[in-house]
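Colleague: I am new to reading protein models. Could we walk through one together, feature by feature?

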Amino acid sequence: MGIVNNLHCPKCAHRATSRIEFQCPLCRSILEVEVEIGHLTRADFQAMRQSRDRSIWRWFDFFPVEDRSCIVSLGEGSTPLINARRLGERVGLANLYLKNDTVLPTGSLKDRSNSVGISKAKELGFTTTTVISTGNAAASVAAYSAAAGMNSVVMVPAGTASSKIIQARAYGASVVVIDGNFDLEVAQLYKAAVKEFGWYDCLSSNPYREGKKSYAYELVDQFDEQLPDWLIHPTAGGTGIYAAWKGFNELLSLNLIDRAPRLVVAQSAAAAPIVDAFEKNLAEIVPVVARQTVAESIQVGNPASLGWRALAAVRESRGSAVAVNDRETLEAQYLIGSKAGIFAEPAAATSVAAAIKLRKLSVIGKDDVVVCNLTGHGLKQPESIPITERELQPIAPTLDALREKLRKGDVDV
Ligand SMILES: Cc1ncc(COP(=O)(O)O)c(C=O)c1O
């Protein structure tokens, strides 16, 4: 079973006195949860690999949940690892793999985190969860709360398009629209509400949301321990890259692997504070004001206190951090769709855009084994695919009309 030690601060070594204290009272860092894994053997790990349960819960012993009866699962995990040969050929990478997290239950990587986070909420006895989000996190928290039999409250700033909150509503979430700026008033009200009403905080500042460590375990399993050279992850707050690194380090500490992949943070150039800090060799992340970008789901200018851990993961793994602009992102999205058959949202496509860029710069060699995480489904943001009036113009139901369309070059055959 996962034996959970106290929460502690990775910066100033403060140890929490309560299991629901998420932030260090001394230095404001997000606390870190420690799961005792020292007793796990290679045989234990092999048994997990062979488990009939293909969800992330086959790695139960690595997660900060102690009571199996509290597990809230929608079958998340074991997402396809696709050898994208046609896409690889097009971009000069002989060994390009796509980790297709678009097929997760609510269509994004957030399900890995929330399955663990909300299982923990159940174990701790919470009945209501909450999050501020306009997109993937809201939908995922709502779905897992529904499955757990909990209420969920999703806070969004006024002006958020209803299309963004429909998925959360579909899972029964209460949506509270707040008149104010997302990073200021909405965030402040969120914190105050968590304190006042005792709701379970599902933001990335919740240390129990460790489900993305499963990227490490799944890749070891899917590559049969022959790990890739590079793992590229679309990044906002830095949870994913940091959790993957933590997972690989756990496996290294157990001597189950002898090296980890080099980790790459992919960000939108409109919101790239981690890339900035990497390029300027800074010790801390300097928050930026995020500009508008097509990569909406990773439009985060202030990764708060997980950013430096993501940066450390990149440095320790001898990886890299790359910003891509909207043109590069949409080009990658199109290539992923048309060469690999996967519809990824633009934020997710930044991993492939970053791979293309690093290949052009010769940072990644043509024969290197590269995994790009595709973290969100394209149907989350369908308007990112342009469709012209001309394409939508109906034709008469005759072969002649179809011949004419072909003659005009309007059909690729
Ligand atoms: C589609 C998608 N990709 C990637 C991320 C990156 O998240 P993080 O940096 O917290 O792992 C997010 C969420 O913020 C997202 O919605």
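**Reading one helix, then the whole chain**

Modeller: Start just past the end of helix α4. There Gly149 takes a positive phi of about 80 degrees. Keep in mind that this is a predicted model.

Colleague: What span should helix α4 have, and how far apart are its end C-alpha atoms?

Modeller: Count residues, then use the rise of 1.5 Å a residue. Helix α4 covers residues 136-148, which makes 13 residues, so it should span 18 Å. Its end C-alpha atoms are 18 Å apart, which agrees.

Colleague: Is α4 mostly covered or mostly open?

Modeller: Mostly covered. Of its 13 residues, 11 are buried. Here a residue is buried if 20 or more other C-beta atoms lie within 10 Å of its own. Among the buried ones are Asn136, Ala137, Val141, Tyr144 and Ala148.

Colleague: Which elements do the buried residues of α4 pack against?

Modeller: Two helices and two strands by name: α3 (110-124), α5 (162-170), β5 (128-132) and β6 (151-157).

Colleague: β5 and β6 are strands. How do I read a sheet?

Modeller: The general idea comes first. Strands of a sheet pair through backbone hydrogen bonds, either parallel or antiparallel. Now the case here. An open sheet of 4 strands runs in the order β7-β6-β5-β8, with parallel pairing. The edge strands are β7 (174-178) and β8 (200-201), and each pairs on one side only.

Colleague: How many bridges join β5 to β8?

Modeller: There are 2 bridges, and the two strands run parallel. One partnership to find on screen: Thr129 bridges to Tyr200 in β8.

Colleague: Let us zoom out. How many helices and strands does the chain have?

Modeller: It has 14 helices and 12 strands. Of the 413 residues, 50% count as buried.

Colleague: What radius of gyration would a compact globule of 413 residues have, and what does the chain have?

Modeller: A compact globule with 413 residues would have a radius near 22 Å. The chain has 22 Å, so the two agree. Along its principal axes, the C-alpha trace spans about 75 × 50 × 45 Å.

Colleague: What share of the contacts links residues 24 or more positions apart?

Modeller: Take the contacts with a separation of 6 or more. Residues 24 or more positions apart account for 70% of them.

Colleague: Last stop, the ligand. Which residues come nearest?

Modeller: Of the 18 residues around the ligand, Thr239, Gly240, Ser297, Thr375 and Gly376 come nearest. The shell divides into 6 nonpolar, 11 polar and 1 charged. Helices α8 (239-253) and α12 (346-360) each supply at least two residues of that shell.

Terms used
Residues numbered from 1 in each chain as written. Predicted model: local features only at pLDDT ≥ 70, side-chain atom pairs only at ≥ 80, totals over all residues. Near = placed C-beta within 6 Å. Nonpolar A, V, L, I, M, F, W, Y, C, P; charged D, E, K, R; others polar. Rg over C-alpha atoms; globule rule 2.2 N^0.38 Å. Buried ≥ 20, exposed ≤ 12 C-beta atoms within 10 Å, placed from the backbone. Contact = placed C-beta atoms within 7 Å. Expected span 1.5 Å × (residues − 1). Pairing = 2+ DSSP bridges.
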